Amino acid sequence: MKRLQNKVAIVTGGATGIGEAISKKFAREGASIVVAGLPDDPVNDVVAEIKELGGIAIGYSGDLSSFETAKGCVTVAVEQFGKLDVLINNAGVFVETNFLTEYSEEAFEYMFKNNNKTTFMMSKAALPELQKTKGNIVTAGSEAGILGIPQNAAYGGTKAFNTAFTKGLAAEQATKGVRCNVVAPGPIDTAWTYDETGPMVKKMEKLNLQATLMGRRGTAEEVANVYLFLASDEATYVTGAVYTVDGGITIAKGPTGKEADSLFKDQPESNLGLEHTHEGHTSIR
Ligand SMILES: NC(=O)c1ccc[n+]([C@@H]2O[C@H](COP(=O)([O-])OP(=O)(O)OC[C@H]3O[C@@H](n4cnc5c(N)ncnc54)[C@H](O)[C@@H]3O)[C@@H](O)[C@H]2O)c1
C-alpha cells in the first residue's frame, strides 16, 4: 500500500524547488495532485512529468493570495477528484537581502502577500473540505522563522507568522479532526540559496553552510520526505508540530563569530574590582 493511496492533495508553489519534489513524491505515493503555482511557473511540465510516470495530476495557475483564486483551486480539486485530503502551503518568495535600514517596503509587502496571504487564503478555502475528509495541512515555515535571519529579518518574520498561524489552526481545528503542522527547512538546494539565482550574496551562502552542522544544503527531496510523513496517516497523532529539516542549523549557528564587528569583539572595561573571574569551579573538588 502506498503511503498516500487514494488521497487528494493540493501543493502550492508545486512546480519548482521544494514544491516540485513534494508534488512528485506525493504522486509516487499514490496521491492525486493539484500542482498549483503562479502563471509563469512550470506547472504544466510538472503535471506532464507526473503523468508520464503513471501518476495522477492536474495543474492550477493563479495568484493564490486572493481568496477567489484560492477557492477556485480547492473547487478544481474537488470537482476533478471528488474530495480534498491534504493542503500543502508551500508557496513563497525570497526576493531581497538587505539590512533593515535599506530593506524595501515593496519586498516586505511582496513577501507578506506571497508567503502569508497565500497560506491564510488557501487554508481558509480548504478547511471546509478538509473537515469532511478529516484531512490535514502542512505549511512551510523556515529555520529563519524560528531564529530570525540577518539581512532578511522581514523574511524570518513572515515564516514566524506561518508557524504561529498553523499552530493556531491546529488548536482550533483539532475538534474538527483536521491536523495542522509546519515543516521548517534550513538552507535547501533551490534557487534561493545561490548568489547566481537568488538574492543571497556569496558571503551569506558561505556563512549559511558554515552554520549548518552537516555542512551542506539539504535536497528538495529530503524536505519532501518530511512533508510526506506529516501528510500521511502515519502521523495521525501529530498536530501543531514544527518539524525542522535543517541539517542542524537551528541547534548550531556555526562559526559566525568570525564575522562579528570589532565593536562587539572588544571586551568592555570593568570597574567592579573583579579579582576572581577566572577562579571558578571547573573541576571535581
Ligand atoms: N530554499 C530554502 O532554503 C528554504 C528554506 C526554508 C524555507 N523554505 C520555504 O520553502 C518553500 C519553497 O521554497 P523554494 O526554495 O522551493 O522556492 P521556489 O521559489 O522554488 O518555490 C516557491 C514557489 O511558490 C510559488 N508562489 C509564490 N507566490 C505564489 C502565489 N502567490 N501563488 C501561487 N504560487 C506562488 C513560486 O512561483 C514558486 O514556484 C517556501 O515557502 C520557502 O519559504 C525554503
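In this predicted model, helix 6 has the buried residues Ala154, Tyr155, Thr158, Lys159, Asn162, Thr166, Leu169, Ala170 and Gln173. An α-helix has 3.6 residues a turn, so residues three or four places apart point the same way. The cover over the buried residues of helix 6 includes helix 4, strand 5 (136-140), helix 5 (144-147) and strand 6 (179-185).

The length of helix 6 can also be checked. Helix 6 covers residues 153-173, and because each residue should add 1.5 Å, its 21 residues should span 30 Å. The C-alpha atoms at its ends are 30 Å apart, which agrees with the expected value.

Helix 6 belongs to a chain with 9 helices and 7 strands. Of the 285 residues in this chain, 42% count as buried. Among contacts with a separation of 6 or more, 71% come from residues 24 or more positions apart. The C-alpha trace spans about 75 × 45 × 30 Å along its principal axes.

The ligand has 28 residues around it, and those that come nearest are Gly13, Gly17, Gly92, Ala140 and Thr190. Helix 1 (17-28) and helix 4 (105-133) each supply at least two residues of this shell. Helix 1 gives the most, with 3 residues. Helix 4 thus appears in two settings: in the shell around the ligand and in the cover of helix 6.

The shell can be divided by residue class as follows.

| Class in the shell around the ligand | Number |
|---|---|
| Nonpolar | 12 residues |
| Polar | 14 residues |
| Charged | 2 residues |

Key
Residues are numbered from 1 along each chain as its sequence is written. This is a predicted model: local features need pLDDT of at least 70, side-chain atom pairs count only at pLDDT 80 or more; totals for chains, interfaces and linings use all residues. A residue is near a molecule or strand if its C-beta atom, placed from the backbone, lies within 6 Å of it. Helices (H or I, at least four residues) and strands (E, at least two) are DSSP runs, numbered from the N terminus. Ala, Val, Leu, Ile, Met, Phe, Trp, Tyr, Cys and Pro count as nonpolar, Asp, Glu, Lys and Arg as charged, and the others, Gly among them, as polar. A residue is buried if 20 or more other C-beta atoms lie within 10 Å of its own, exposed if 12 or fewer, and partly exposed in between; C-beta atoms are placed from the backbone. Two residues are in contact if their C-beta atoms, placed from the backbone, lie within 7 Å. The expected span of a helix is 1.5 Å times one less than its number of residues.
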